[in-house]
Amino acid sequence: MNTMVEAIDKATGAMSSAELAGGQHSRATVGDFTAVDPRMVCRNVDVWYGSKQAIHGVSLDIGKNEVVSMIGPSGCGKSTFLRSLNRMNDTIVGCRVTGSIQLDGQEIYDKGLDPVPLRARVGMVFQKPNPFPKSIYENVAYGPRIHGLTNNKAELDELVEDSLQKAGLWNEVKDRLDQPGTGLSGGQQQRLCIARTIAVSPEVILMDEPCSALDPIATAIVEELIDELRQNFSIAIVTHSMQQAARVSQRTAYFHLGDLIEVGETNHIFTNPQHKLTEDYITGRFG
Amino acid sequence: MTDSSSLKPIVDLASGHTVRRYDQELAKLRGIILEMGERVVEQTQSAVRALVDREDSQAFRVLDREPQIDFLSLDADEEVFLVIARRQPTAVDLRIVLALSKIADDVERAGDKAVRIARQALELRDLNTGSDLLSETMRETLRQLDDKACCMFERGIQAVATFDVALALHIFEDEPSLYQASHEARQLLGEQDREGLTPRQAVCLLTTAHALERIGNHAANIAEQVIYVALGQDVRYRNRDILIETLRHHGY
């Protein structure tokens, strides 16, 4: 079949799904939610806060060496979904997660699974930089030490340096490792938190609006870092900045009222999304 | 696909941004191009009248008005630049801005063709020794070619006003008759050449026929951009027959 005909069939077909039932929008996810080489596989994930359902049957893969961005208006469930990927929601009373979330084929919500080592394998960087009230060195060394990842001081020193190098912070702090992490600038603190996360050799890094408290220069540095980290890690990032999603990710997922509306290649989502809700949101036609 | 209502573009292309100023900026850009288009049609009709009906004043009028279209195209470029800088458009907005930028080029170049025709009218005036240079058949053939080219171009501009895919398809469907009219003009010119046109006079008329055909081509380029905006599909360099059949099949 002619490729143009296929493209038009696809485009018009997707439009029809968006217009089904007299303008009611289908809640079925538009696009392919699978990854070629998945690290995390999520299927039909529901998240409840007490009797309120925050996430409705979301299926999404996080692939190896890719950055997946999650966008959507406030309250759409993107952060809730992100936090369910390393059981951070366990700490919230009344929160319940159903469905399947697997990391390298292992169910992370298995009753026998200890969430502490899980959170080393699936690390997290938060919106506001939150270094420990300790030295720069100790911020990075803390994780490897409690997880027993090194055998001696020399190995730990090497791991701290390597993590700070990967976080792009080494040259700025190598002469003041004994100084408090809280004394760094906001952008440096966030990179210190990233160094702390990667020091325990995670497979997946979750980032919840990691640049929202940073200025444009610090943001650019972190975005460059995200691109470099992709070579070694899988990354899922929640961001309110659509330009940031467009810049840093290979795939983008659009959430709306707890549903995963559309997922696809970032280049495609930002040039020719198939669902009206996605189009309205990324073009600023949705409040 | 039988429900034609399901094939409407997925957003209201004309408005609806939370930031209303954004709507106004896009409307301003589109307004500039619509104004350019209207002027190009007027210019073309005046230029052909100057040549066919020997109205020299119309030719001078076309030459005088040329800078207005050029200045409008500069305004369009400026608006494109500012919208990109201010809004970082995405999705359909990005397609609108990119397409309008290309459409502005096509409209400006169509305006150049009108000027070229006006220049041929003045050159023919200078070359002509008698009053009956053109036979009535030749005049009528050029008028028909002018009507066809201007009709296509007007449709193109109307299609831009609403990003109307059906109207864009009409333009593609008009292309064969445009080429037929152009072919007839060239054929007739060959006959007239034997009836005493000098080579230089024949070149002027050939140039005119070619310019009118090119105006129709610019209309088709505009139609391609309209479809790109509305459907997100780049249909340039695609087989027209298959394109028309596919989109008609989908209810356009």
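In the predicted model, chain A has a radius of gyration of 20 Å, which agrees with the value near 19 Å that a compact globule of 287 residues would have. The C-alpha trace of chain A spans about 65 × 40 × 35 Å along its principal axes. Of the 287 residues in chain A, 48% are buried. Chain A holds 12 helices and 10 strands. Contacts in this chain often link distant parts of the sequence. Among those with a separation of 6 or more, 70% join residues 24 or more positions apart.

Arg27(A) offers one local view of chain A. This residue lies in the loop between helix H2 (20-23) and strand S1 (38-49). Arg27(A) has 14 C-beta neighbours inside 10 Å and therefore counts as partly exposed; the partly exposed class falls between 12 or fewer neighbours, for exposed, and 20 or more, for buried. Along the chain, Arg27(A) and Leu260(A) are 233 residues apart, yet their C-alpha atoms are separated by 7.8 Å.

In chain B, a helix pair was examined. Helix H1 covers residues 20-52 and helix H3 covers residues 91-127. The two helices pack at an angle of about 20 degrees, and their axes lie 9 Å apart. Angles under 35 degrees count as roughly parallel, so H1(B) and H3(B) are roughly parallel to each other. Their crossing is left-handed. The contact of H1(B) with H3(B) has 20 nonpolar residues, alongside five polar and two charged ones.

Terms used
Residues are numbered from 1 along each chain as its sequence is written. Chains are lettered from A and ligands numbered from 1 in the order in which they are written. This is a predicted model: local features need pLDDT of at least 70, side-chain atom pairs count only at pLDDT 80 or more; totals for chains, interfaces and linings use all residues. Axes are lines fitted to C-alpha atoms, for helices over the stretch in contact, and angles run from 0 to 180 degrees between N-to-C directions. Helices (H or I, at least four residues) and strands (E, at least two) are DSSP runs, numbered from the N terminus. Angles under 35 degrees count as roughly parallel, over 145 as roughly antiparallel, 65 to 115 as roughly perpendicular and the rest as oblique. A crossing is left-handed if the near helix is turned anticlockwise from the far one by less than a right angle, and right-handed if clockwise. Ala, Val, Leu, Ile, Met, Phe, Trp, Tyr, Cys and Pro count as nonpolar, Asp, Glu, Lys and Arg as charged, and the others, Gly among them, as polar. The radius of gyration is taken over C-alpha atoms; the globule rule is 2.2 Å times the number of residues to the power 0.38. Two residues are in contact if their C-beta atoms, placed from the backbone, lie within 7 Å.
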